[in-house]
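Okay, thanks for coming, everyone. Let me put the structure up, and then I'll walk you through one part of it.

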Amino acid sequence: MPNLCKLAILGGALLLASGCGGWPWWEKREPIDPALYAQSGAYRVEQTRATADLLKKASLEEQTNLCAKLAQQMQNESDPLVRLEIVKAATLSSCPQAVAILYGGLKDPYQDVRIASCKAYGKRNAADAAHVLGEVLASDLSIDVRLAAAKALGDVKDPSAVISLGVALDDTNPALRYRITESLKTSSGKDFGDNVPQWQQYARSLSPGAPPAPIAEHPYPLNR
């Protein structure tokens, strides 16, 4: 123990002798250049969140103008984290420009953007939501995105949502099947438990042979 005390004292002496060089690394950082920060993705995320705050209190006309700017930014935004924030902001408005952002988000190469867009469509509960989410559920290559689409369809109270969910029950992935049956319960108001054939029969009874409508064309190019 005395040896440990001596080492501790020696270490403290060396730290004091080193002067400023012994302070933590963050004291040595150079000041951030405002011009460089303004070009960073972090700055654009910050600005997008500020726009989202404005959307919460804006009139419909103001929302239209703000979302038009966000849609224009989305066309050329290379940072997926910024695009994710743009989609989150668009969920706060129902204007056509916001809807266009969500359409584009469903085709984004970054899966988190697609997931956020699925969640937004579930909250919209609009007439086209069941068809759009049904196509994502049927065709997206990411299981996480398909799970998000299935969950969002559960919030859409429309027979088309039940039809799309019923068709997707052909998938053999157990997690997806579970998510679909849970969404079928909330969307339809029925409860057939985990009886897949009965759910499929019920879905077919609503509109036999009706496939989900194709997703809208991508409204803008995403430059990479």
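So, how many helices and how many strands are there in the protein? The count is twelve helices and zero strands. Reading from the N terminus, then, the elements simply go α-α-α-α-α-α-α-α-α-α-α-α. Keep in mind that this is a predicted model.

A couple of overall numbers before we zoom in. The protein has 224 residues, and 38% of those count as buried. If you take the contacts with a separation of 6 or more, 63% of them are between residues 24 or more positions apart.

Now to α7, α8 and α9. When two helices pack, we describe them by the angle between their axes and the distance between the axes.

Let's start with α7, residues 111–124, and α8, residues 129–139. Their axes are 9 Å apart, and the packing angle is about 155°. An angle over 145 counts as roughly antiparallel, and so α7 and α8 are roughly antiparallel to each other. The crossing of α7 past α8 is left-handed.

Which residues meet there? From α7 you have Cys118, Tyr121 and Gly122, and from α8 you have Ala129, Val132, Leu133 and Val136. By class, that contact of α7 with α8 has six nonpolar residues, one polar and no charged ones.

On to the next pair, α8 with α9, where α9 is residues 143–153. Here the axes come within 8 Å and cross at roughly 150°. That again makes the pair, α8 and α9, roughly antiparallel. The crossing of α8 and α9 is left-handed.

The residue list is as follows: Ala130, Leu133, Gly134, Val136 and Leu137 from α8 meet Val145, Arg146, Ala149, Ala150, Ala152 and Leu153 from α9. That contact of α8 with α9 divides into nine nonpolar residues, one polar and one charged.

So which residues of α8 are buried? They are Ala129, Ala130, Val132, Leu133, Gly134, Val136 and Leu137. And what covers them? The cover includes α7 and α9, which we've just seen, and also α6 (96–105), α10 (159–168) and α11 (174–188).

Let me pick out one residue of α8, Ala129. Its relative accessibility is 0%, and since buried means under 20%, Ala129 counts as buried. Leaving out neighbours within four places in sequence, Ala129 is in contact with Tyr121 and Val156. Tyr121 is on the α7 side of the packing we went through. Ala129 and Asp155 are 26 residues apart in sequence, but C-alpha to C-alpha they are 9.9 Å apart in space.

Next, an arginine. Arg146 sits in helix α9. Buried or exposed? At 14% relative accessibility, Arg146 counts as buried. What does its side chain have for polar partners? A polar atom of the Arg146 side chain lies 2.7 Å from the backbone oxygen of Leu137. The Arg146 side chain also makes a polar contact of 2.9 Å with the side chain of Asp171. Setting aside neighbours within four places, the full contact list for Arg146 is Val136, Leu137, Asp140, Asp171 and Leu176. Val136 and Leu137 are also among the buried residues of α8.

There's another arginine I wanted to show you, Arg83, which is in helix α5, residues 80–90. Arg83 is buried, with a relative accessible area of 2%. A polar atom of the Arg83 side chain lies 3.2 Å from the backbone oxygen of Glu77.

Last stop, back in helix α7, at Gln111. With a relative accessible area of 28%, Gln111 is partly exposed. Which residues does Gln111 touch, not counting residues up to four places away in sequence? Ser142, Asp144 and Val145. With Asp144 there is a side-chain to side-chain polar contact of 3.4 Å. And Gln111 and Ser142 are 31 residues apart in sequence, yet 7.4 Å apart in space, C-alpha to C-alpha.

To wrap up: α8 is roughly antiparallel to α7, and α8 is roughly antiparallel to α9 as well. In α9, Arg146 counts as buried, with its side chain in polar contact with that of Asp171. That's what I had, so over to you.

How values were computed
Residues numbered from 1 in each chain as written. Predicted model: local features only at pLDDT ≥ 70, side-chain atom pairs only at ≥ 80, totals over all residues. Heavy atoms only, no water. Axes fitted to C-alpha atoms, helices over the stretch in contact; angles between N-to-C directions. Helix = DSSP H or I, 4+ residues; strand = E, 2+ residues; numbered from the N terminus. Parallel < 35°, antiparallel > 145°, perpendicular 65-115°, else oblique. Left-handed = near helix turned anticlockwise from the far one by under 90°. Contact = heavy atoms within 4.5 Å. Nonpolar A, V, L, I, M, F, W, Y, C, P; charged D, E, K, R; others polar. Buried < 20%, exposed > 50% of the residue type's maximum accessible area, 1.4 Å probe, protein only. Polar contact = N/O pair within 3.5 Å; in protein donor to acceptor, adjacent residues only side chain to side chain.
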